[in-house]
Amino acid sequence: VKIIREKYVPNPDFVPEKIRTASSAAEGLCRWVLAIEKYDVVAKVVAPKKIALKKAKAELDLAMKDLRAKQAKLKEVQDKLQRLREKFEINMKKKEELQQQVDTCSKQLERAKKLIGGLGGEKDRWSQAAKDLGILYKNLTGHVLISAGVVAYLGAFTSSFRGEQTTLWLEECQANNVPCSGEFLLSATLGDPVKIRAWNIAGLPTDSFSIDNGIMISNARRWPLMIDPQGQANKWVKN
């Protein structure tokens with residue numbers, strides 16, 4: 001190849017077109033020689049490149065393998081990160097729910113403290129009410145007896161006469177050891193505050209005499225004969 005490159009390739013007459021005029025066989029031989037020279041040049045240039053390409057491919061394969069391993073680890077880390085994010089969101093929701101429960105319990109506790117404080121303040125009132133109910137229960141027999149007498153016999157009489165008569169009956173009860181208090185009110189024994197309030201709204205006067213009359217009418221077993229010069233009872237009954 002060295003001889004061809006030094007002796008024949010530089011020769012301007014060593015070209016297939018000129019040699020063809022002398023011999024077609026020599027033309028083919030000329031073309032073959034030139035091809036060998038070109039192949040030698042190409043082989044010397046391409047061979048190292050092929051070797052470098054093979055080495056580069058090997059390095060690329062190794063790098064790709066390492067890349068795939070890194071990508072697999074990255075995906076594993078990303079999946080783990082996603083799971084941690086989901087777990088974090090769940091725990092945050094639980095935290096919010098627990099915080100709401102804490103706030104609710106705090107409010108309930110505060111209301112309970114206020115309620116307990118209020119009930120503590122009501123202790124004396126309830127104790128006094130229980131004491132009063134005990135006394136009322138003890139005196140119930142005499143008061144009911146006097147109330148029955150008032151409803152049965154004192155409906156037609158004035159307020160002053162009723163007061164005198166109930167005072168005499170109280171003295172008789174005490175003399176005969178019938179339980180009763182020193183003061184009697186028909187409204188306190190047979191009266192219902194809610195019903196009395198409704199009567200007042202319907203037109204019944206608010207004085208104790210009128211309220212006692214209303215109690216007598218509501219507890220009597222017979223139709224009452226009402227002495228009503230001012231028409232107050234008539235208005236109340238109609239309403």
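The protein chain has a radius of gyration of 62 Å, whereas a compact globule of 239 residues would have a value near 18 Å. The model is predicted, and the overall dimensions given here refer to that model. Taken along the principal axes, the box filled by the C-alpha atoms of the protein chain comes to roughly 175 × 40 × 25 Å. The secondary structure consists of 10 helices and 0 strands, so that the order of elements from the N terminus on reads α-α-α-α-α-α-α-α-α-α.

Of the 239 residues of the protein chain, 17% count as buried. The exposed surface of the protein chain is about 19200 Å², and carbon and sulfur atoms supply 60% of this area. Among contacts with a separation of 6 or more, 55% are accounted for by residues 24 or more positions apart. With regard to charge, the protein chain carries 40 positive and 28 negative side chains, the centres of the two sets lying 13 Å apart.

In soluble globular proteins, nonpolar side chains tend to be buried together. In the present model, the largest nonpolar core contains 16 residues, and those with the most contacts inside this core are I146, V150, F184, L186 and W199. Two or more residues are given to this core by each of the elements α5 (140-153), α6 (159-175), α8 (193-202) and α9 (208-219). When residues up to four places away in sequence are not counted, I146 touches T166, W169, L170, C173 and F184. Apart from the largest core lies another, of 5 residues, which includes I4, I19, C30 and V33.

The residue I4 belongs to helix α1, which spans residues 2-8. I4 counts as buried because its relative accessibility is 17%, the cut-off for burial being under 20%. Although I4 and E37 are 33 residues apart in sequence, their C-alpha atoms are 7.2 Å apart in space.

A polar residue with a low accessibility is found in R162, which lies in helix α6. R162 has a relative accessible area of 6% and is therefore buried. With residues up to four places away in sequence left out, the contacts of R162 are to L154, G155, F157, F209, D212, N213 and M216. The C-alpha atoms of R162 and V150 are separated by 7.6 Å, at a distance of 12 residues along the chain; V150 is itself one of the residues with the most contacts inside the largest core.

Two loop positions were also examined. L204 is placed in the loop between α8 and α9, and its relative accessibility of 7% is the reason why L204 counts as buried. Leaving aside neighbours within four places in sequence, L204 is in contact with W199, S210, I211 and W236, of which W199 is listed among the residues with the most contacts inside the largest core. L204 and K235, which are 31 residues apart in sequence, have a C-alpha to C-alpha separation of 7.9 Å.

The second position, N177, is in the loop between α6 and α7, the latter covering residues 186-190. N177 has a relative accessibility of 70% and therefore counts as exposed, exposure being assigned over 50%. The backbone of N177 has a phi near 60°, a positive value in a residue other than glycine.

Note on methods. Residues numbered from 1 in each chain as written. Predicted model: local features only at pLDDT ≥ 70, side-chain atom pairs only at ≥ 80, totals over all residues. Heavy atoms only, no water. Helix = DSSP H or I, 4+ residues; strand = E, 2+ residues; numbered from the N terminus. Rg over C-alpha atoms; globule rule 2.2 N^0.38 Å. Buried < 20%, exposed > 50% of the residue type's maximum accessible area, 1.4 Å probe, protein only. Contact = heavy atoms within 4.5 Å. Areas by Shrake-Rupley, 256 points an atom, 1.4 Å probe, with all protein chains shown as cover. Lys, Arg positive; Asp, Glu negative; His and termini not counted. Charge placed at Lys NZ, Arg CZ, Asp CG, Glu CD. Core = buried A, V, L, I, M, F, W, Y, C linked by side-chain atoms within 4.5 Å.
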